[in-house]
Amino acid sequence: MNGRQSSRPTLEQVAARAGVGRGTVSRVINGSPRVSERTRAAVARAVAELGYVPNQAARALAGSRTDAVALVIPEAEARLFAEPYFLDLIRGVSAGLAEADKQLLLTLVRSEQERQRFEQYLAAQRVDGVLLASVHGDDPLPDRVRELGIPVVMNGRRSEAEPVPYVDSDNIGAGRAAVAHLVARGRQRVATITGPLDMYVARARLGGYRAGLAEAGHAPDEGLVAAGDFTEEGGRAAMRELLARRPGLDAVFVASDVMAAGARAALREAGRRTPEDVALVGVDDSPVARLMDPPLTSVRQPTERMGRTMASMLLQEVAGTPQDPRQVFPTELVVRGSC
């Protein structure tokens, strides 16, 4: 386009001409190191061809620091405050950011309207970076944050091929360790209660369960698998379903301690003793596990440390000095009275 334009070119037009997203153009204009030379050259050509002149006020705003970081959890308040995992994660994130004098903004995104409102908030450059937790597989927010040119780190991941930087635990190993322990204690009909299967964490723990059974020489039985939702009531309902389908089961690997508490209540209602009749193993090694009767054997993940690591990775991204974009922590089986 060599002729005079009737209106000032926009960032969106530059992005379309360069074949990239709006956030990528913003990163190039603001000198971010997180852009390839090929992409930088494409954006530069588009800028020259369109005669785009960046808004200096916007550039100044984008180049400034707000000293604030948003931690986004797409869950209802009830689950946030009932789930010890989130409290430990927040504690770790808060400690990591406090050491860098950053303000933590806790944000709950529970609907499409709230997600859109949060995206508008981000577009105004009001935070230096975003931390995301409990993300489901179809959630577009991680990609949208990146398109806006804002550093982002996730707790967990949406898939094995997650492109966004993340901190996670070895969830496959957690399932394998739980099943190996149950089989070693002589249990023959080991069931599992999963989390929501649109979340990678739930699929990974289920994959570990299946791998553990295969390693022990146990034939798979989908009748021993019931879906939960990481809530106590979900664990109770799933346990009732399992007892109805496979009344002879003698052990259950439950994908969270909170669900295990619900499963324990359902077993008690059915007159089943723990561990004599049905052994239980959970995940998280939370206060819930220690307070159950009997105390729950659980797979520990270093949640608070994971929160600190997320904060550290994000601060490196903000500073333009990103390190390893993937951190996976090992898990550890803590044996108690439930098995």
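Q: What relative accessibility does Glu 304 have?
A: In this predicted model, local features need pLDDT of at least 70 and side-chain atom pairs count only at pLDDT 80 or more, while totals for chains, interfaces and linings use all residues. Numbering runs from 1 along each chain as its sequence is written, and side-chain values use heavy atoms, leaving out hydrogens and water. Buried means under 20% relative accessible area, exposed over 50% and partly exposed in between, with a 1.4 Å probe and protein chains only. Glu 304 counts as partly exposed, with a relative accessibility of 33%.

Q: Which residue forms a salt bridge with Glu 304, and how far apart in sequence are the parts that the pair ties together?
A: A salt bridge here needs a side-chain nitrogen of Lys or Arg within 4 Å of a carboxyl oxygen of Asp or Glu. The partner of Glu 304 is Arg 91, with the closest N and O atoms 3.9 Å apart. Helices (H or I, at least four residues) and strands (E, at least two) are DSSP runs numbered from the N terminus. Since Arg 91 sits in helix α6 (residues 84-98) and Glu 304 in helix α14 (residues 303-318), the pair joins parts whose separation in sequence is 213 residues.

Q: Which residues share a salt-bridge network with Arg 115?
A: Let's start with one pair: Arg 115 and Glu 112 meet at 2.4 Å, N to O. They are three residues apart in helix α7 (residues 112-123), so about one helical turn separates them. Arg 115 is buried, with a relative accessible area of 15%. Through shared partners, salt bridges link Arg 115 into one network with Glu 112, Glu 119, Arg 144 and Glu 147.

Q: Which side chain of opposite charge is nearest to Asp 139?
A: Asp 139 lies in the loop between β3 (129-133) and α8 (141-147). Leaving aside neighbours within four places in sequence, its contacts (heavy atoms within 4.5 Å) are Pro 74, Arg 115 and Arg 158. Asp 139 is buried yet has no salt bridge. At 5.3 Å, the nearest side chain of opposite charge (Lys and Arg count as positive, Asp and Glu as negative; His and chain ends are not counted) belongs to Arg 115.

Q: Which element gives the most residues to the largest nonpolar core?
A: A nonpolar core is a set of buried Ala, Val, Leu, Ile, Met, Phe, Trp, Tyr and Cys residues joined through side-chain atoms within 4.5 Å. The largest has 43 residues, and Ile 193, Tyr 209, Met 239, Leu 249 and Val 252 touch the most other members. Elements supplying at least two residues each include α9 (171-184), β6 (190-194) and α12 (257-269). With six residues, the top contributor is α12.
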